[in-house]
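Me: I am new to this structure and would like to know what lies behind the labels used for it. Please go through them one at a time.

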Amino acid sequence: MDEEEIVTEKLQFNVPLIKESDMPEDQRNEICEMVVSTFEKNQDEYDRAVLQIRQTLDEKYGKHWHCILGEAYGYDLTYVPKTFLQVYVAGFLGVTIWKS
């Protein structure tokens with residue numbers, strides 16, 4: 001693997017694409033940064049990344065946070081207002097976060 005491929009691989013997680021959110025902007029930005037850094041550390045271990053995201057949110061914002069990760073999934077959920085976020089990481093991984 002040459003240097004250019006390594007740089008490209010590292011950059012793919014850096015810019016999250018927010019699809020939908022009702023969170024306050026500062027909370028949304030903080031959670032997006034945390035999601036990106038978690039996936040940079042756990043690139044191939046998605047189960048560990050999702051668990052780490054959920055545990056961090058439970059510690060910081062109180063219990064009952066949920067996180068789904070996948071490439072193609074649907075959902076119908078009920079959540080506490082101002083706690084929903086759907087973001088894409090690495091261009092194809094959808095991450096849905098909410099509190100119930």
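Reply: Buried means under 20% relative accessible area, and exposed means over 50%. The model discussed here is predicted.

Me: Why is Phe-84 called buried?

Reply: Phe-84 has a relative accessible area of 3%. The cut-off for buried is under 20%, so Phe-84 counts as buried.

Me: What makes the pair of Tyr-75 and Phe-84 tilted?

Reply: The angle between their planes is 45 degrees. Under 30 degrees would count as stacked and over 60 as edge-to-face, and the rest is tilted, so this pair is tilted. Tyr-75 and Phe-84 also belong to one aromatic cluster with Tyr-73 and Tyr-79.

Me: Why is Tyr-75 called partly exposed?

Reply: Tyr-75 has 32% relative accessibility. Partly exposed lies between the limits of 20% and 50%, so Tyr-75 falls in that class.

Me: How do you know that Asp-58 forms a salt bridge with Arg-54?

Reply: The closest N and O atoms of Asp-58 and Arg-54 are 3.6 Å apart. The limit is 4 Å, so the pair counts as a salt bridge. Both residues lie in helix 3, four residues apart.

Me: Which of the words buried or exposed fits Asp-58?

Reply: Asp-58 has 14% relative accessibility. That is under 20%, so Asp-58 is buried.

Me: What makes Glu-30 and Lys-60 a salt bridge?

Reply: Their side chains meet at 2.2 Å, N to O. This is within 4 Å, so the pair qualifies. The pair links distant parts of the chain, with Glu-30 in helix 2 and Lys-60 in helix 3.

Notes: Residues numbered from 1 in each chain as written. Predicted model: local features only at pLDDT ≥ 70, side-chain atom pairs only at ≥ 80, totals over all residues. Heavy atoms only, no water. Buried < 20%, exposed > 50% of the residue type's maximum accessible area, 1.4 Å probe, protein only. Phe/Tyr/Trp six-rings, centres within 6.5 Å; stacked < 30°, edge-to-face > 60°. Helix = DSSP H or I, 4+ residues; strand = E, 2+ residues; numbered from the N terminus.
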